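Hello,

Here is the structure I promised to pass on to you. Please open it alongside this email, and my notes on what turned up follow right below.

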Amino acid sequence: MNEEIRVPVSLPLDSDGFLRRECPTCGREFKWFSHEEGDADAEAVDQYFCPLCGVASGTDSWWTPAQLEYMQGVSGPAIDQLARDMIADAFKGLKFKPNRSFSLDIQTPDPLAEPDDMTIVEPPCHPNEPVKVPDEDAARVHCLVCGSLFSA
């Protein structure tokens with residue numbers, strides 16, 4: 001089976017429109033601004049730089065453990081339905097009837113909440129890509145897009 005399941009999942013933004021991220025290198029959290037789909041101000045990149053340690057990584061490398069756990073949990077009902085459909089298809093036309101109450105019993109998690117924390121800094125090289133960093137790190141920050149170090 002090479003069937004791909006896509007389940008849309010929304011993650012919460014803080015009141016300024018920032019999404020929490022975690023650097024895969026240093027493990028520290030920060031936030032980047034979440035542009036709307038098709039926003040002309042959003043930079044098209046194939047990697048981002050950590051504002052805290054300056055190391056680059058691919059665009060899909062910045063999930064926090066809580067976000068990953070939430071996304072897996074939210075996907076549970078869709079996976080459960082797919083399993084039931086596959087079992088029903090496998091026994092289609094036979095006298096044997098699979099148990100209709102079969103379930104993988106994947107628990108749906110509580111919604112995530114995003115607190116309004118951290119300090120907003122705008123890199124002079126890419127002011128359209130502001131980040132939020134812990135207050136104690138706001139003095140020296142790397143640009144999310146090009147990795148340039150700047151002082152806030």
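Arg-21 sits over the face of Trp-63, 4.4 Å from the centre of the ring. Please keep in mind that this is a predicted model.

Aromatic rings also meet one another here: searching the whole structure gives five aromatic pairs. In one of them, Phe-18 and Phe-33 have ring centres 5.5 Å apart and planes at 75 degrees, so this pair is edge-to-face. The two residues come from distant parts of the chain, with Phe-18 in strand E1 (residues 18-22) and Phe-33 in strand E2 (residues 29-33), 15 residues apart. How accessible are the partners? Phe-18 is buried, at 3% relative accessible area, while Phe-33, at 26% relative accessibility, is partly exposed because that value falls between the cut-offs of 20% for buried and 50% for exposed.

Another pair to look at is Phe-30 with Trp-62, again edge-to-face, with 5.8 Å from centre to centre and 80 degrees between the planes. This pair, too, links distant parts of the chain: Phe-30 belongs to strand E2, and Trp-62 lies in the loop between strand E4 (56-58) and helix H1 (65-90), 32 residues apart. Phe-30 and Trp-62 are both buried. They also belong to a cluster in which ring pairs link Phe-30, Trp-32, Tyr-48 and Trp-62.

Some of these names come back in the nonpolar interior. The largest nonpolar core has 18 residues, and those touching the most other members are Phe-30, Trp-32, Trp-62, Val-121, Val-131 and Val-133. At least two residues of this core come from each of E2, H1 and strand E6 (131-133).

Now for the chain as a whole. It has one helix and eight strands, and from the N terminus the order is β-β-β-β-α-β-β-β-β. The radius of gyration is 21 Å, well over the 15 Å that the globule rule gives for 152 residues, so the chain is more spread out than a compact globule. The C-alpha trace spans about 70 × 25 × 25 Å along its principal axes.

A few totals to finish. Buried residues make up 34% of the 152 in the chain. Counting contacts between residues at least 6 apart in sequence, 55% join residues at least 24 apart. The exposed area of the chain is about 9,600 Å², and carbon and sulfur atoms supply 50% of it.

Best wishes, and enjoy looking around!

Technical notes. Residues are numbered from 1 along each chain as its sequence is written. This is a predicted model: local features need pLDDT of at least 70, side-chain atom pairs count only at pLDDT 80 or more; totals for chains, interfaces and linings use all residues. Side-chain values use heavy atoms; hydrogens and water are left out. Rings of Phe, Tyr and Trp (its six-membered ring) pair if their centres lie within 6.5 Å; planes under 30 degrees apart count as stacked, over 60 as edge-to-face and the rest as tilted. Helices (H or I, at least four residues) and strands (E, at least two) are DSSP runs, numbered from the N terminus. Buried means under 20% relative accessible area, exposed over 50%, partly exposed in between (1.4 Å probe, protein chains only). A charge sits over a ring if NZ of Lys or CZ of Arg is within 6 Å of the ring centre and within 35 degrees of the ring normal. A nonpolar core is a set of buried Ala, Val, Leu, Ile, Met, Phe, Trp, Tyr and Cys residues joined through side-chain atoms within 4.5 Å. The radius of gyration is taken over C-alpha atoms; the globule rule is 2.2 Å times the number of residues to the power 0.38. Contact means heavy atoms within 4.5 Å. Accessible areas come from the Shrake-Rupley method with a 1.4 Å probe; for residues, only the protein chains shown count as cover.
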